[in-house]
Amino acid sequence: MKTFYEKFRDLYLIHIDAHLDILPSYAGNKYTHASPIYRIINDLSFKPSKIIQLGLRGYVNSVESYNYARGIGERIYSIDEIRVKGLNNVLNEVLNIVGDSPVYITFDADALDPSIAPGTGVIEPGGLTYPEARMIMKRLGECNVVAADFVEVSPLLDHNDITAKTITYLILDLISRFSKKKVTSG
Ligand SMILES: [Mn+2]
C-alpha cells in the first residue's frame, strides 16, 4: 500500500473482509492481521474516505470499532446490507464512487463463507458465496485496478485445497477482466 499510495495519490482501497482490521494493536503487536487498516490510515495518512469495505459481519468486530471506522469516514457495506440492497446495487455504488481512480483491492479469505473457505484463521459464518465473490471480482475488474492481494489463506487449516482453489479462481476471475479495460498511464 505504501508503494502504490506513493505512486497513485488518488488511490482507493477496496477491502473485502469479514473484519474491520482497524485495531491500533493486537496482543501487544502493531503489525498483525487485526491492524492493517489502522496502519494504512495512521502511518500512511491515507484518507479513510478512500476506503470501501465489503462483507463485514460476525462478533469479532466491536461496536466501538464500527463507530470509529464510520466516524472517520470509511464506507462500510456489511454482509447484511449487501443482502438487503442486493450485491449488484452495492457494486454499482462502489463503481460510481471510484470512477476512473486507481484502485487497490485487498481480499481476505474469511470474507467467503467458511463452507467454501475453511482454510483461514478466523472463520465467520454467513459469508460470501463463490458466485457472489466472483461477481465482485468481475465488476471490480472493470475498475482501474493497479494492485490486488489475497490474504489469510492457511494451507494447514484447509481441507482438500478447497480454500486455495476458491481463491485461485477468484484471482482468475479478477485478472480475466483486465484485458477489457483501457490501459492507463503508470
Ligand atoms: Mn478477516
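Begin by selecting Ile16 in strand 1 and Phe107 in strand 4 of this predicted model: Phe107 is the bridge partner that Ile16 has in strand 4. Widening the selection to both strands shows that strand 1 and strand 4 pair in the parallel sense, over five bridges.

Next, add strand 2 (51–56), which runs parallel to strand 1 and is joined to it by four bridges. A convenient pair to display here is Leu13 with Ile51, its bridge partner in strand 2. If you then follow the chain from strand 1 through helix 2 to strand 2, you trace a β-α-β crossover that is right-handed.

Stay with strand 1 and show its side chains. In a regular strand the side chains alternate between the two faces of the sheet. In strand 1 both faces are covered, with Tyr12, Ile14 and Ile16 buried on one side and Leu13 and His15 buried on the other; five of the five residues of the strand are thus buried. To see what surrounds one of them, select Leu13, which, leaving aside its neighbours within four places in sequence, is in contact with Ile40, Lys50, Ile51, Tyr104 and Thr106.

Leu13 also leads into the largest nonpolar core, which has 42 residues, and those with the most contacts inside it are Tyr12, Leu13, Ile14, Ile37, Val103, Ile105 and Leu140. Among the elements that each supply at least two residues of this core are strand 1, helix 2 (36–43), strand 4 (102–108), helix 6 (130–140) and helix 7 (162–175).

Now move to helix 7, whose 14 residues reach 20 Å from the first C-alpha to the last, close to the 20 Å expected at 1.5 Å a residue. Colour Thr163, Thr166, Ile167, Leu170 and Leu174, which are the buried residues of this helix. Turn the view until you look down the axis of helix 7: its buried residues fall within an arc of 95°, so they line one face of the helix. An α-helix has 3.6 residues a turn, so residues three or four places apart point the same way. Bring back strand 4 and helix 6 and add strand 5 (144–151), since what covers the buried residues of helix 7 includes these three elements.

For a last stop, return to helix 2 and select Asn42, which lies in it. Is Asn42 buried or partly exposed? Asn42 is partly exposed, because 13 other C-beta atoms lie within 10 Å, whereas a buried residue would have 20 or more. Finally, draw a distance from the C-alpha atom of Asn42 to that of Glu74: the two residues are 32 residues apart along the chain, and these atoms are separated by 13 Å.

Terms used: Residues numbered from 1 in each chain as written. Predicted model: local features only at pLDDT ≥ 70, side-chain atom pairs only at ≥ 80, totals over all residues. Core = buried A, V, L, I, M, F, W, Y, C linked by C-beta atoms within 7 Å. Buried ≥ 20, exposed ≤ 12 C-beta atoms within 10 Å, placed from the backbone. Contact = placed C-beta atoms within 7 Å. Expected span 1.5 Å × (residues − 1). Arc of directions from axis to C-beta. Pairing = 2+ DSSP bridges. Right-handed = clockwise from strand over helix to strand, strands pointing away.
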